[in-house]
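I opened the model to see what could be looked up in it. These are my notes, in the order I made them.

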Amino acid sequence: MSRLLFWLALIFLVGFAIRSKIREAQKRQQPFDQPPPAGAGPAPGPAARQHGNAEVETMLQCAHCGVFYPASETVQARGRDYCSAAHAAMPPA
């Protein structure tokens, strides 16, 4: 009897996990411009509503560590772009 309960619980948990992953994938595919369907949760806040109006900033890659960062935060040294002054001061790799 306990084996049967174990397998039923396992099947239920796997089904629940699959269902939540499918819902998450559907939410990611929904465009930002369309409002969520009625009853899909709370309305988006002011920051989410302004997403389409925000200006996009160019991203650069650090010559030392490879991390991408906004172009407004760049530190230039020896003709290369770095994410911080500490990385700019390090010898080239």
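**Notebook: one chain, from loop to core**

I started at Ala 63, which is partly exposed with a relative accessible area of 33%. I keep in mind that this is a predicted model. Ala 63 sits in the loop between strand S1 (59-61) and S2. I listed its contacts, leaving aside neighbours within four places in sequence, and got Arg 80, Asp 81 and Tyr 82. I then took the C-alpha to C-alpha distance from Ala 63 to Tyr 82: 5.7 Å, for residues 19 apart in sequence.

**Overall layout**

I stepped back to the whole chain. I counted 3 helices and 4 strands. Read from the N terminus, the order is α-α-β-β-β-β-α. How many of the residues count as buried? Of 93 residues, 6% do. I checked the exposed surface next, and the chain shows about 8100 Å², with 62% of that supplied by carbon and sulfur atoms. I also looked at contacts with a separation of 6 or more, and residues 24 or more positions apart account for 4% of them.

**Tyr 82 and the core**

I returned to Tyr 82, since Ala 63 had led me there. What does Tyr 82 touch, not counting residues up to four places away in sequence? I found Cys 62, Ala 63, His 64, Tyr 69, Glu 73, Thr 74, Val 75, Ala 77, His 87 and Ala 88. Several of these names came back when I looked up the largest nonpolar core, which has 5 residues: Cys 62, Tyr 69, Ala 77, Tyr 82 and Ala 88. I noted the general background too: in soluble globular proteins, nonpolar side chains tend to be buried together.

**Tyr 69**

I took Tyr 69 next, found in strand S2 (residues 68-70). Is Tyr 69 buried or exposed? It is buried, with a relative accessible area of 4%. That value is under the 20% cut-off, so Tyr 69 counts as buried.

I wrote down the contacts of Tyr 69, again without neighbours within four places: Thr 58, Met 59, Leu 60, Gln 61, Cys 62, Thr 74, Asp 81, Tyr 82 and Cys 83. I then looked for polar partners. The side chain of Tyr 69 makes a polar contact with the side chain of Thr 74, at 3.2 Å. A polar atom of the Tyr 69 side chain also lies 3.2 Å from the backbone oxygen of Tyr 82. I checked Glu 57 as well: it is 12 residues from Tyr 69 in sequence, and the C-alpha atoms are 9.7 Å apart.

**His 87 and Arg 78**

I followed Tyr 82 to His 87, which is placed in helix H3 (residues 85-89). His 87 has a relative accessible area of 18% and is buried. I read its contacts, leaving aside neighbours within four places in sequence, as Cys 62, His 64, Cys 65 and Tyr 82.

I then looked at backbone angles. Phi of Arg 78 is near 50 degrees, a positive value in a residue other than glycine. I placed Arg 78 in the loop between strand S3 (75-77) and strand S4 (80-82).

**Helix H1**

I finished at helix H1. I looked up salt bridges, and the count comes to 1. Which residues form it? Glu 24 pairs with Arg 28, and their closest N and O atoms are 3.5 Å apart. Both lie in helix H1 (residues 2-29), 4 residues apart, about one turn of the helix. I checked accessibility on each side: Glu 24 is partly exposed at 41%, while Arg 28 is exposed at 62%.

I looked at Ser 20, also in helix H1. Ser 20 counts as partly exposed at 34% relative accessibility. A polar atom of its side chain lies 2.9 Å from the backbone oxygen of Ala 17.

My last search was for nonpolar surface. I found a patch formed by Phe 6, Trp 7, Leu 10, Ile 11, Val 14, Ile 18 and Ile 22, with about 700 Å² of accessible area together. I picked Ile 22 from the patch and confirmed that it lies in helix H1. At 45% relative accessibility, Ile 22 counts as partly exposed. Patch residues need over 30% relative accessible area, so the value for Ile 22 fits.

Definitions and conventions: Residues numbered from 1 in each chain as written. Predicted model: local features only at pLDDT ≥ 70, side-chain atom pairs only at ≥ 80, totals over all residues. Heavy atoms only, no water. Helix = DSSP H or I, 4+ residues; strand = E, 2+ residues; numbered from the N terminus. Buried < 20%, exposed > 50% of the residue type's maximum accessible area, 1.4 Å probe, protein only. Contact = heavy atoms within 4.5 Å. Areas by Shrake-Rupley, 256 points an atom, 1.4 Å probe, with all protein chains shown as cover. Salt bridge = Lys/Arg side-chain N within 4 Å of Asp/Glu carboxyl O. Patch = residues over 30% accessible without salt bridge, like charges linked within 9 Å, V, L, I, M, F, W, Y side chains within 5 Å. Core = buried A, V, L, I, M, F, W, Y, C linked by side-chain atoms within 4.5 Å. Polar contact = N/O pair within 3.5 Å; in protein donor to acceptor, adjacent residues only side chain to side chain.
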